[in-house]
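Me: I'd like a close look at one part of this model. Could you walk me through the second largest pocket, and then show me a bit of the surface too?

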Amino acid sequence: MNNQDTVQVTMTVNGRTRVEQVEPRLLLAHFLRDHLGLTGTHIGCDTSQCGACTVLLDGQAVKSCTVLAVQADHQAVTTVEGLGQRGGLHPVQQAFWDKHGLQCGFCTPGVMMTAVGLLQQNPTPTSEEIREGLDGVICRCTGYETIVRAVAEAAAVMAGEAGPSAAAANE
Amino acid sequence: MSKLVGTPVKRREDARLITGHGNFTDDVRLPGQAYAEILRSPHAHARILSIDTTAAQAMPGVVKVYTGQDLAGRVGTVPTAWIPPASDLKQVPHAVLAVETVRYVGDGVAMVVADDPYIARDALDRIVVEYQTLPAVTDQREAMAEGAPQLHADAPGNVALHWTVGNDTDEVFAQAEVVVRQEFRQQRLIPNPMEPRAATAQYLSATDELTVWLTTQNPHIHRLLLSGILGIPEHRLRVIAVDVGGGFGSKIACYPDEVLVAYAARDLNRPVKWTEDRREHFMATTHGRDHYEEVELAGSRDGVLQGIRVKSYANMGAYLSTAGPGVPTILFGLIVNGAYRMPVASSEVFGVFTNTTPTDAYRGAGRPEATYIIERMVDLFAQTIGQDPLEVRRRNLLRADEFPYTNPFGLAYDSGNYHAALDQALTMVDYPAFRQEQAALRAQGQYVGIGFSTYVEMCGLGPSQVAGAVGFQGGLWESATVRVHPSGKVQVFTGASPHGQGEETTFSQLVADQLGIPIDDVDIVHGDTARVAMGWGTYGSRTMVVGGAAISTAVDRVIEKARRIAAHMLEVSPEDVVFEDGVFHPEGVLDRQATFAEVTIQAYLAWNLPQGVEPSLEASAYYDPTNFTYPFGTHIAQVSVDADTGEVRVTKYVAVDDCGPVVNPMIVEGQVHGGIVQGIGQALYEGAVYDDDGQLVTGSFMDYTMPRARFFPQIETAHTVTPSPHNPIGVKGVGETGTIASTPAVVNAVMDALSGFGIQHLDMPLTPEKVWRAMQQVQDEQ
Ligand code: FES
Ligand code: FES
């Protein structure tokens, strides 16, 4: 790393304040992965099309491959690692597990973050609205059907309509 | 006794994957690692006149720049590993970096290793390569024509292989009442697993060991090939594939860039990491399909199929990829009669070099191409003789009492009830009502269609003797070691290498049931050549079929040994001991028993073992299948075609598949869904396009349409269960059925929708523009 051209960024990542020297051109996705070691955020393309890199930036779902680390200065970032961990999974994570919303799991962090963003904007989506809302993500494995079911399940749980099976499944 | 098999056990893989703790190759971080980038040819065909790396080499942070010249004599070339018999295959060397000539856009020219990935990228721009461009050819039929640019001196006419199979069809065709002819183009596809390929290599000079973390579907095959190419003894080379983010065939091949990374790590005595970006994936990872087929189908006027002959031109790309030559030959040509009784059939295949990315397996690999043509031909035949395509299928599908059925190429279809699957699928749609509605809508200028695909495919290839006979330069057995730890917890080491298919879960289901222990007592280990015995990996829907059978066999051996120890403990003879629900007891006597855990600890203590029984409790199996397995089923697609825009929408999709007993219905459904969407991708959306100069025009997700969630309706699935007699657990394989079946189902549906226009056939992908133009042309002519 050439130190002469770096700038300092301060970010709250998954609730923890991080101060790092970065090149101005460094992508947020690379910052998270390479500087902070948060490798749950994946990079699946170079044209901002696949959504694998999606994180929450000040609560909004964004593709971290299209944001420079310096643009996220003084903002809060939530990655999949901060969404929930075992023992305290986010309802979206739990629903992806329960409904088989993933196969290889590579797209999954980004798809789940996209789903979190989607449910913030529309807490009670129809399955058509879920499919529309997932337009910014590509999953090559699942055929999307189980992802749609997972998002619908998460919406139901988050709206407090959780059936006993969904609640009981929380590990 | 079976408790978990057949139930939707939630996946144990998921805990790490949903929390960001997957361990994909690019996630591997090693102290002091350097980063590689590969300079790729911008030309489809050119001579390299000079390469000047001075400026790149001089950049701060650049560790080393390699060119083909630097490596000549130090690194071997990448070979193909499938040499179909009597095909006159031309083994052309694929240098890991081009030395004199580049042959496709994406061919490696130089590699930079730098301290930082961004610097490595910058340094690529400072390498100056002088090229003399040569004429290029990207289409296989043009490549075979007189005067076409020649790719390899050793392959005149660019013919990489020429292979024929089948029986004499002349008489049948000469006497047939009806012969239907059609030419098909099966477009080139780009696999695009969401995880790009990557390699991270580390060399430990103290022990002279090289470890390569790799995005591979078959770590042991990679180790074998890398060992040969790099001249590193196999026992000093370790290949690890932890989490792999999908492969779909594209992570079978051994690629030049992987060799380079491994080489550089040793050369520099420093860890080196390389991850392709999506742009590179499009140009440098193997592609799939890309065939032309000329097909003739013979039959009687009243609807009996009598024979098929196929002439196929397969685009191999610029070099022969690892499994590339086997795909358009063995995996295609032997099953072009599909699920139908057919007295004669023949296939003739030309594999052709062109200035394009090499092709290799892509989900289904050969069988989608075969299924597409037979399913399309059956529809065209039905149309020609004026029968309903459903009736023609009913008439010609093999009946349950005809199995085992030997097809015209000598394949022995194992078992099946094709009519039952068709009947079940028909309960999920209202066919007569659809036909009525279709007619009514047509009168209003609206177009809907229905398409059938009554497919069969082949999985779980083997035995290895057959692998040899068909030219695969490897075995097709699978390994399993079942190690019971002293406390009764079990680790299973499998040579299969799942990468999204969920076998950490399904294998555990098998083992837990067989041993009568909780699933949490079972752990599945895969994807590491240092931990797992030689095995052949995951592809061709073989993992449960062959890998599962290996595990099941090894567990049986564990039980047999444990039974002898238990008998000794219970003071009865082993024949009198039964094993039920994890407990050994004398036949009919339940109050004297030894649990699996009790027997296990005795096996390890070895204080009092029966004579001739060694300590410990562990068994291995190397399962070589007795024959292929043949999953089958019926898929039905309903579509609407927008008369104004040509846009096709799939409005309903029904899939009835028979993969034998279902180990985990949730996972099987997921495999089917994913496969169907991928197959519809080919039918409607995807297609790689090269321009005349050999530039890949569809080189990113902006130009290459990947199936997205909003393109699809809900997919309805169901199963029939016909166990395969060809393996001990009866399973037939399910990883590829969806992709194989769905493409023709949807294309048949679109052609059905357009039948009023008199359009016989349109080649895929059936994009709005293509469909609209075809409708327009007919209307203009009228
Ligand atoms: S990696 Fe960001 S959209 Fe693909
Ligand atoms: S689960 Fe593999 S890409 Fe979505």
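Reply: Sure, let's start with the space itself: the second largest pocket holds about 740 Å³. Keep in mind as you look around that this is a predicted model. The pocket is lined by 33 residues, and those closest to its centre are A:His30, A:Ile43, B:Arg121, B:Thr275 and B:Asp277. So who supplies the walls? Chain A brings in helix H1 (28-35), while chain B adds strand E1 (34-40), helix H4 (117-126) and strand E12 (272-275); these are the elements that give two or more residues to the lining. The largest share, four residues, comes from H4(B). If you sort the lining by character, you get 13 nonpolar residues, five polar ones and 15 charged ones.

Now for the surface. On chain B, there's a nonpolar patch of about 330 Å², made by B:Ile601, B:Leu605 and B:Trp607. You'll find B:Ile601 in helix H18, which runs over residues 596-605 of chain B. B:Ile601 has a relative accessible area of 32%, so it counts as partly exposed.

Compare that with B:Asp591, which sits in the loop between strand E23 (583-586) and strand E24 (594-595) of chain B. Its relative accessible area is 69%, and because exposed means over 50%, B:Asp591 is exposed. One last thing to try in the viewer: pick out B:Asp591 and B:Asn218, which are 373 residues apart in sequence and 48 Å apart in space, C-alpha to C-alpha.

Technical notes. Residues numbered from 1 in each chain as written. Chains lettered and ligands numbered in written order. Predicted model: local features only at pLDDT ≥ 70, side-chain atom pairs only at ≥ 80, totals over all residues. Heavy atoms only, no water. 1 Å grid on protein atoms, 1.4 Å probe; cavity = no way out; pocket = protein on both sides within 12 Å on 5 of 7 lines; lining within 4 Å. Points joined across faces, edges and corners; volume = space filled by probe spheres on them. Nonpolar A, V, L, I, M, F, W, Y, C, P; charged D, E, K, R; others polar. Patch = residues over 30% accessible without salt bridge, like charges linked within 9 Å, V, L, I, M, F, W, Y side chains within 5 Å. Areas by Shrake-Rupley, 256 points an atom, 1.4 Å probe, with all protein chains shown as cover. Salt bridge = Lys/Arg side-chain N within 4 Å of Asp/Glu carboxyl O. Buried < 20%, exposed > 50% of the residue type's maximum accessible area, 1.4 Å probe, protein only.
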